[in-house]
Amino acid sequence: MEFKGAMGGIYRLTEWITRLAATNLLWAICSSPFLFFLIMKLLVMQQNLANESLQMNWAIGIVAPLTLFPATSALFTVVRKWNMGDTDVPIFRTFFKGYKENYKQSLLGGIFYTVLFVVMYLDYTVYMTQFRNMQLVGIIMLILLLLLFVSLFNFFSMVVHYHMSIGLIIKNAVLLTLIRPFRVFSTLLGSGLLFYIGFSYPVLFIFFIISIVAWFAFFNFYATFNKMQEQMQKMQLQKEEEEAALAEEKGDERADGNPASEGPADKSDREQVK
């Protein structure tokens with residue numbers, strides 16, 4: 001039975017609330033080791049416990065590729081279906097199917113991104129705190145960190161949308177981030193706004209924020225993908241038209257020519273053209 005009018009709108013709204021909450025909860029459960037150490041990290045930072053904070057950093061770095069990255073890939077598997085029009089996809093089955101199929105690539109990509117984040121964050125901290133005369137380098141490192149953060153969204157989108165090696169996925173995720181600055185800005189702005197709301201109301205992180213961010217990130221990626229596909233098709237069509245016009249022109253030249261009146265030089269020229 002399909003509801004119409006105000007009742008239909010309320011019904012569709014509750015459907016989307018349920019979808020977002022269920023997917024977000026599955027992500028939180030599968031990422032729970034990472035979230036546990038992250039919460040512990042925030043607690044020890046409030047108490048200024050340097051040694052414990054360092055230990056939490058190591059724990060976060062170890063569990064992130066093992067739990068956070070596969071869970072996020074599974075989340076993107078679901079939001080990909082939504083963005084492509086399959087809104088009634090079974091969430092539980094689709095989530096864990098994506099978790100299983102993309103686990104290896106997510107793990108390898110997670111190791112790469114985690115190491116890169118740690119190195120760049122340490123560089124940023126050192127330049128901003130210990131080398132006061134080189135804070136410009138620290139600002140550049142911060143910008144690179146933001147770009148790396150956005151490339152993560154493209155990475156997860158490509159993991160669930162393409163069948164490519166992990167090296168190509170990482171390379172294309174970074175390149176796509178660099179060549180589409182408007183999408184970078186809109187993704188950063190949208191994610192920043194959602195995270196701000198989440199920090200104001202932390203319970204939303206458990207039920208909605210992460211799944212909405214993932215949906216928005218894949219929406220941006222998919223729009224970029226479709227636009228690039230259209231551009232490639234136009235270029236291919238233009239190339240085929242130019243080749244057809246050139247072939248037709250050559251055919252007309254051959255039809256208008258008189259082979260019997262050609263001298264040796266003319267024949268030689270024609271052979272070179274061929």
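Is G192 buried, partly exposed or exposed? I began my entries with this residue, keeping in mind that the model is a predicted one. I found G192 in helix α8, and its relative accessibility of 40% puts it in the partly exposed class. I then looked at the spacing between G192 and V213, which stand 21 residues apart along the chain, and I noted 9.4 Å between their C-alpha atoms.

**Entry on the nonpolar patch**

I stayed with helix α8 and turned to the surface. Which residues form a nonpolar patch there? I listed L25, L193, Y196, I197, Y201, V203, I206 and F207, which together have about 770 Å² of accessible area. When I asked which helices supply the patch, I found that α8, running over 181–200, and α9, running over 203–256, each give at least two of its residues. I took Y196 as one member to examine, and I placed Y196 in helix α8. Its relative accessible area is 59%, and as the cut-off for exposed is over 50%, I entered Y196 as exposed.

**Entry on N220 and N154**

I next looked up two asparagines. N220 lies in helix α9, and at 4% relative accessibility I recorded N220 as buried. Which residues does N220 touch, once those up to four places away in sequence are set aside? I wrote down R183, S186 and T187.

N154 belongs to helix α6, which covers residues 135–161. I also entered N154 as buried, its relative accessible area being 10%. Leaving out residues up to four places away in sequence, I found N154 touching A173, L176, T177 and F221.

**Entry on the salt bridges**

How many salt bridges does the structure hold? I counted two. The first one I checked joins R19 to E15, with the closest N and O atoms 3.7 Å apart, a separation that I set against the 4 Å limit for a salt bridge. Both R19 and E15 sit in helix α1, residues 5–30, and they are four residues apart, about one turn of the helix. I noted R19 as buried at a relative accessible area of 10%, whereas E15 is partly exposed at 27%.

The other salt bridge runs from R19 to D88, and here the closest N and O atoms are 3.0 Å apart. What does this pair tie together? Because R19 lies in helix α1 while D88 lies in the loop between α3 (50–83) and α4 (91–101), I wrote that the pair ties together parts 69 residues apart in sequence. I recorded D88 as exposed, with 61% relative accessibility. Taken together, E15, R19 and D88 are linked in a network of salt bridges.

I added one further note on R19, since its surroundings also include an aromatic ring: the charged end of R19 sits over the ring of W16, at 4.7 Å from the ring centre.

**Entry on the aromatic rings**

I then went through the ring pairs, of which the structure holds 24. In the pair of F112 and Y113, the ring centres are 5.6 Å apart and the planes meet at 90°, so I classed the pair as edge-to-face. I looked up the accessibility of each partner, and found F112 partly exposed at 35%, while Y113 is buried with a relative accessible area of 0%.

Is the pair of W215 and F219 stacked or edge-to-face? With ring centres 5.5 Å apart and planes at 15°, I entered the pair as stacked, because planes under 30 degrees apart fall in that class. W215 and F219 both lie in helix α9, four residues apart, about one turn of the helix. I found W215 partly exposed with a relative accessible area of 31%, and F219 counts as partly exposed at 39% relative accessibility.

Which residues do ring pairs link into a cluster? I closed this entry with F69, F76, F112, Y113, F155 and F156. The cluster takes in F112 and Y113, the two rings that I had entered above as an edge-to-face pair.

Technical notes:
Residues numbered from 1 in each chain as written. Predicted model: local features only at pLDDT ≥ 70, side-chain atom pairs only at ≥ 80, totals over all residues. Heavy atoms only, no water. Patch = residues over 30% accessible without salt bridge, like charges linked within 9 Å, V, L, I, M, F, W, Y side chains within 5 Å. Areas by Shrake-Rupley, 256 points an atom, 1.4 Å probe, with all protein chains shown as cover. Salt bridge = Lys/Arg side-chain N within 4 Å of Asp/Glu carboxyl O. Buried < 20%, exposed > 50% of the residue type's maximum accessible area, 1.4 Å probe, protein only. Contact = heavy atoms within 4.5 Å. Phe/Tyr/Trp six-rings, centres within 6.5 Å; stacked < 30°, edge-to-face > 60°. Lys NZ or Arg CZ within 6 Å of the ring centre and 35° of its normal.
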